[in-house]
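Here are my notes on the model, as numbered points. Please read them with the structure open.

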Protein chains: 4
Amino acid sequence: MTRNVAHTTPYAWPWDGALDPGRVALVVISPRLGGDRLPDSRIWQEVRATAGTVQSVGGAVVQVTTTPPDRSAGVRDEHAVVGADHVLDAAGIDGFYGSPLDGLLRRLRRDQLLLAGAWLETGVHSTMRSANDRGFECLLVLDACLAYEPALEAASRSQIEMSGGIFGAVGQSVDVCAAITSA
Amino acid sequence: MTRNVAHTTPYAWPWDGALDPGRVALVVISPRLGGDRLPDSRIWQEVRATAGTVQSVGGAVVQVTTTPPDRSAGVRDEHAVVGADHVLDAAGIDGFYGSPLDGLLRRLRRDQLLLAGAWLETGVHSTMRSANDRGFECLLVLDACLAYEPALEAASRSQIEMSGGIFGAVGQSVDVCAAITSA
Amino acid sequence: MTRNVAHTTPYAWPWDGALDPGRVALVVISPRLGGDRLPDSRIWQEVRATAGTVQSVGGAVVQVTTTPPDRSAGVRDEHAVVGADHVLDAAGIDGFYGSPLDGLLRRLRRDQLLLAGAWLETGVHSTMRSANDRGFECLLVLDACLAYEPALEAASRSQIEMSGGIFGAVGQSVDVCAAITSA
Amino acid sequence: MTRNVAHTTPYAWPWDGALDPGRVALVVISPRLGGDRLPDSRIWQEVRATAGTVQSVGGAVVQVTTTPPDRSAGVRDEHAVVGADHVLDAAGIDGFYGSPLDGLLRRLRRDQLLLAGAWLETGVHSTMRSANDRGFECLLVLDACLAYEPALEAASRSQIEMSGGIFGAVGQSVDVCAAITSA
């Protein structure tokens, strides 16, 4: 019997139909304060709910604060706290750059990644691209992400779905929560 | 006197007005064969012309063949040869992943990068994002890039220009060639 | 029933007693020509014999040519060919630096590493240190390594064995071959 | 006129005779608590003195706490505080692994590195090897390092000096301080 998240595009995720909470990590991206704009704090409520469900069945939750290079560092956003098991800082917009994220996920034996947070086009996208290169099987949880430019949300989604899902697949939090609690 | 490439957006590139052919590298991305589609070979003619101009004034040209993870490896595309000084392979869609690119650019003391090649939304974008995290000052040479989905070209451009140029700037090859030969 | 390599120090390797040829990779390090000295070619005969045994039971063999930074590149040593399944180049003395080694081992699902080759104090040691940081369980196959300075061989061994095996364990090829063929 | 640190072996450091406090960073390595032994706190007094001199002329001081993989994390050692400008954590014994060290040094434009701290054979050695691969010009400040096994100190030094200084050079803090304050 295969276990997938329902309604993911462009393919049923994970590719091998072997969804396993013990292999899942929800990777939440949040930008360091000091940029020109703050994410609407309602997004973190949504992420927090998904995080709680993931944790309730043994999934891991990792939060990574991303940092644009060559800018004043700023601090973590107090509104962005989602109750993660591990809270990390990255030295770039890619959550893997200059951070312990790769080693942590490997040590925790998590290779099925759910991506969420802000901003969709910057930190979330860069981290998902990098995770895919490293061999992680990735699902963008679209409604748990916030676009910096709402007009770019559709394109950010298409860039992942193109070419058969070159960077992974796209799904919704309700389907993620349903699948992981029955897996 | 400042030296910039004309008509770049959203800011005059490079940011410090110190364009210097001895610090410039044109990084050409080409996908490994074996994907579902081949780039139109005309793009390589355009890239080759820009590469020749960059080399004529002391700029470096580096070509990187990108590889999707977990796929049969394929070979380099014979049509994509652009006369680069250095030809590398990457282990991912990001030209820096599993490749000697970072060390090479550092050894050559090149920190002003021109990005070109195919595909715009995948290899070029991932490499530019990664280069920016590493502190390189990046210019996407838009007409020397080929979009996998032409409908996504505008969004790929906007993702770079947003937030004041979060991943660098965007320009055209004619302006790059004019600026670098008079710098 | 546990499966370990006999006579390894300072602990029975692998630590969990779960030796599995399907998880094993022999990583052979060889220096790029152009250094001041060539490894005695007899070492490659020994490595080749171990490599053949590892392959006969489903283990992987990966050869990495290391390169000192900021030196003329040189070429691969023709005498160092050991019949590897994968042949890679690294951009540093550490076989992981600027190379596809990490991604390859992950894709092949190999996390029990046997280290061999030349030079013991440089490329082999740097690669083993780096592998250990990345979570691989490592065994130095001491008689399949060649020391640049024979007087430093004992210290190179002690650096691994100290503090309970901080970088892994040390063993001999005869014990590796016996264990892996009966695992 | 060349500017070197006196009495370094096996070559006059830095190789180009261009010692420049604005390019220098003292990288201090300290192990995370939780290992089997604590460094003697007197070493940090020595490192602190050198750090103060380096800072007084515009050099940067970066402290990195290293972490063995797959062990309980422990905390930073309170006795190891040396007044660094930047304090980082690494995810491995190599101070560059899973840390922002590379990006930080690049952003600060520091390419002449002084290495000090504990333990000499583990964290200091791994970090120096990795720095050398990345193109940094490295000097081990031997009397500002503490060996885990005093019997291995000579070999740790020889491994750096061998082959013409394959990982850099070795010097003493008194000569470093004299050179940097008159550079």
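1. Start at the rotation axis. This is a predicted model. Of the residues of chain B, A155(B) comes closest to the axis, with its C-alpha at 3.0 Å.

2. The superposition gives the symmetry. A turn of 180 degrees, with a shift of 0.0 Å along the axis, lays chain B on chain A. The RMSD is 0.0 Å. That is the relation of a two-fold axis. Both copies use the same surface: 100% of the contact residues of chain B recur in chain A.

3. Next, two helices of chain A. Helix α1 (residues 42–56) and helix α5 (residues 173–182) have axes that come within 9 Å. The axes cross at roughly 10 degrees. Angles under 35 degrees count as roughly parallel, so α1(A) and α5(A) are roughly parallel to each other.

4. Which residues make the contact of α1(A) and α5(A)? From α1(A) come T50(A), T53(A) and V54(A). From α5(A) come S173(A), C177(A), I180(A) and T181(A). Three of the contact residues are nonpolar, four are polar and none is charged.

5. Now the cores. The largest nonpolar core has 120 residues. Those touching the most other members are L113, L114 and L140 of chain C, and L113, L114 and L140 of chain D. Leaving aside residues up to four places away in sequence, L140(D) touches L115(D), L120(D), V124(D), M128(D), C145(D), I160(D), A169(D), V170(D) and G171(D).

6. There is a second, separate core, of 119 residues. Among its members are V54(A), I160(A), M162(A) and L114(B). V54(A) is also one of the α1(A) residues in the contact with α5(A).

Methods: Residues numbered from 1 in each chain as written. Chains lettered and ligands numbered in written order. Predicted model: local features only at pLDDT ≥ 70, side-chain atom pairs only at ≥ 80, totals over all residues. Heavy atoms only, no water. Core = buried A, V, L, I, M, F, W, Y, C linked by side-chain atoms within 4.5 Å. Buried < 20%, exposed > 50% of the residue type's maximum accessible area, 1.4 Å probe, protein only. Contact = heavy atoms within 4.5 Å. Least-squares fit on C-alpha atoms with pLDDT ≥ 70 in both. Axes fitted to C-alpha atoms, helices over the stretch in contact; angles between N-to-C directions. Helix = DSSP H or I, 4+ residues; strand = E, 2+ residues; numbered from the N terminus. Parallel < 35°, antiparallel > 145°, perpendicular 65-115°, else oblique. Nonpolar A, V, L, I, M, F, W, Y, C, P; charged D, E, K, R; others polar.
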